[in-house]
Amino acid sequence: MCGIVGYVGASPALLVLLQGLERLEYRGYDSAGVALLENGKLYVEKKVGKIRELVRSLWGKNLKAVVGIGHTRWATHGEVCELNAHPHTDNRGEFAVVHNGIVENYRELRQEIESAGVSYVSQTDTEAIVHLIALNYEGDLLRTVLKVVKKLRGAYAFAVISTREQSRIVAVKYGSPLVVGIGKEENFVASDIPALLPFTREVIPLNDGEVVDLRPDGVFIYDFEGNLLTKEAMHVPWDIISAEKGGFKHFMLKEIFEQPRTLSDTIRGYISRDMSLPFSLRDYRRVLIIACGTSYHAGLIGKYWIEKHAGVPVEVAYASEVRYANMPVGEQDLVLAISQSGETADTRFSALALKEKGATLLSLVNVMGSALDRESDHTLYTHAGPEIGVAATKTFTAQLAVLYSLAVSQRQDRQKEVENLLKVPHLVEEVLTRAEAVKNLALRYAHSKDFLYLGRYLSYPVALEGALKLKEISYIHAEGYPAGEMKHGPIALIDEKTPTVAIAPADRVYEKILSNVEEVLARKGKVIGVGFEKDERLKSLCDAVIEVPTVEEDLTPFLTTVPLQLFAYYIADYLGLDVDQPRNLAKTVTVE
Ligand code: M6R
């Protein structure tokens, strides 16, 4: 939540900051700002709204600064207004700070600051940081920051510049992501790799408890005790094109259509080897999967596969519920933390708490070098490339590919499963050829106020994921439910105006879900079916059917999810909503 970016070098910093911010906008987009060291003074510009508002207000200003920091905000403390937007400055206008995360003890700090005679003008926690720096400054920005971090509690990343030291940015990581980009006679810092891609692919992801002293001719990384650390840069395999829209109207649509390739890249990465794990899932008494949002839904599907193919009991829990629960966990447990970003605070901190209790921590992430990747005993990667749309799509199916590969890797004889999995990218391609039909259907239903998504067994998590996609980008209320549970209460919601999306491939629960569809019809509900092609029975019951190719039962989630992504996309686009940056959301949620 929130994106920060910083530049020191010889080029105009503003251009770098604005390009970086545009690529970080998915992290938060309620207001944005920059601070530049312009002719020895701080120049600050902030605007409510998206980056384009900031760009507009800077238009035509000939700013030549070669050092600066920028920020795009997702409000945590204080309403959305210019005063609360970042960068924040001290009373004398000598220091500017951009910050991502939460300073939990900022109220106490604010009292300390105000009792020193400083006026605190915003409602943010961030302002405490900049005043503390100004109050503690004794001629060296790095030393001052090292002193100040000892006073802060919470999870944060911030960057500071000062008129007192013109060629320097000092930035800190503690709980929120921060990556250093290495250039030639110029260096960068940002919350995430896509912001750096136009300038460099050599990056150093920082660990919690590290501070970087960024100068045009060098990058120096210290721990919080001030010890200089030696860290190698890593080369990012993603190129700038993979972080661009490539002719599609939205990133989300592009990412949906990328799935045949991202699936094939991910599957190829795993299928020939045994996951490169130095252990078997059967070495553990249970696998505990923790994740949030879409990654949690992938985990629910993974449970069925792992239990079926590896015979190991699997529990799946919301990461946000695990950290403060008294879950008995120990050395016999394998914790599998699933996170696209590898930065989600709920997932990371729960994973670390469980690791602390003795469990082995295996993570499944899309972002190499992310905090969770570095904190885990072992990591599996999805090879989906950068996902910019706030709604997760290609990374969900890539997570499924890894989970299925992991599950079947535990079998002695897995030739049939592997052969079937290898067909999935092509089958998804076939589903995508029917996008126009999904679009037409979406337009027919775009004005409904509520939706129910029903599924059983492997299709139950697909129903949850379909409903989440619709809610988050179209703001239409949608509820995903296990179809068999309807009769225990929620069936009361059914009426002519509430369409039900029934995910009903011909699998082991086919007959059961058709009975549930009948129950909906008996209450005058309209049903959109998602099922195998030429399923005349399903067609005879439903108002409309989205057809997917017939496939092995295990692999149905790959095919039934994709039309639901498209369905949500086309409704949101038809309603004229901001598909890639839906209201109130952020791509990476680094607060608890
Ligand atoms: O990066 P993560 O996979 O840990 O993110 C988890 C959720 O925040 C994420 O899946 C969220 O629910 C997406 N907006 C879903 O589209």
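**Exercise 1. Find which backbone atoms meet the oxygen atoms of the ligand.**

Start at Gln 340, where a polar backbone atom lies 2.7 Å from an oxygen atom of the ligand, a polar contact being a pair of N or O atoms within 3.5 Å. The model is a predicted one, in which local features need pLDDT of at least 70, side-chain atom pairs count only at pLDDT 80 or more, and totals for chains, interfaces and linings use all residues. Residues are numbered from 1 along each chain as its sequence is written, and side-chain values use heavy atoms, with hydrogens and water left out.

Next, take Ala 392, which has a polar backbone atom 2.8 Å from a ligand oxygen atom, and then Thr 294, for which the corresponding distance is 3.0 Å.

**Exercise 2. Describe the shell around the ligand.**

First, list the residues: 13 surround the ligand, and those that come nearest are Ser 295, Ser 339, Ser 341, Thr 344 and Glu 472, where a residue is near if one of its heavy atoms lies within 4 Å.

Second, sort them by class, which gives 4 nonpolar, 7 polar and 2 charged residues.

Third, assign them to helices (DSSP runs of H or I with at least four residues): helix H8 (293–310) and helix H15 (459–474) each supply at least two shell residues, and H8 gives the most, with 3 residues.

**Exercise 3. Work out the strand order and the edges of the sheet.**

Begin with the order S5-S6-S7-S8-S12-S13-S14, in which 7 strands form an open sheet with antiparallel pairing, strands being DSSP runs of E with at least two residues that pair if DSSP finds at least two bridges between them. The edge strands, each pairing on one side only, are S5 (88–89) and S14 (228–229).

How values were computed: A polar contact is a pair of N or O atoms within 3.5 Å; within protein, one must be able to donate a hydrogen and the other to accept it, and residues adjacent in sequence count only if both atoms are side-chain atoms. Ala, Val, Leu, Ile, Met, Phe, Trp, Tyr, Cys and Pro count as nonpolar, Asp, Glu, Lys and Arg as charged, and the others, Gly among them, as polar.
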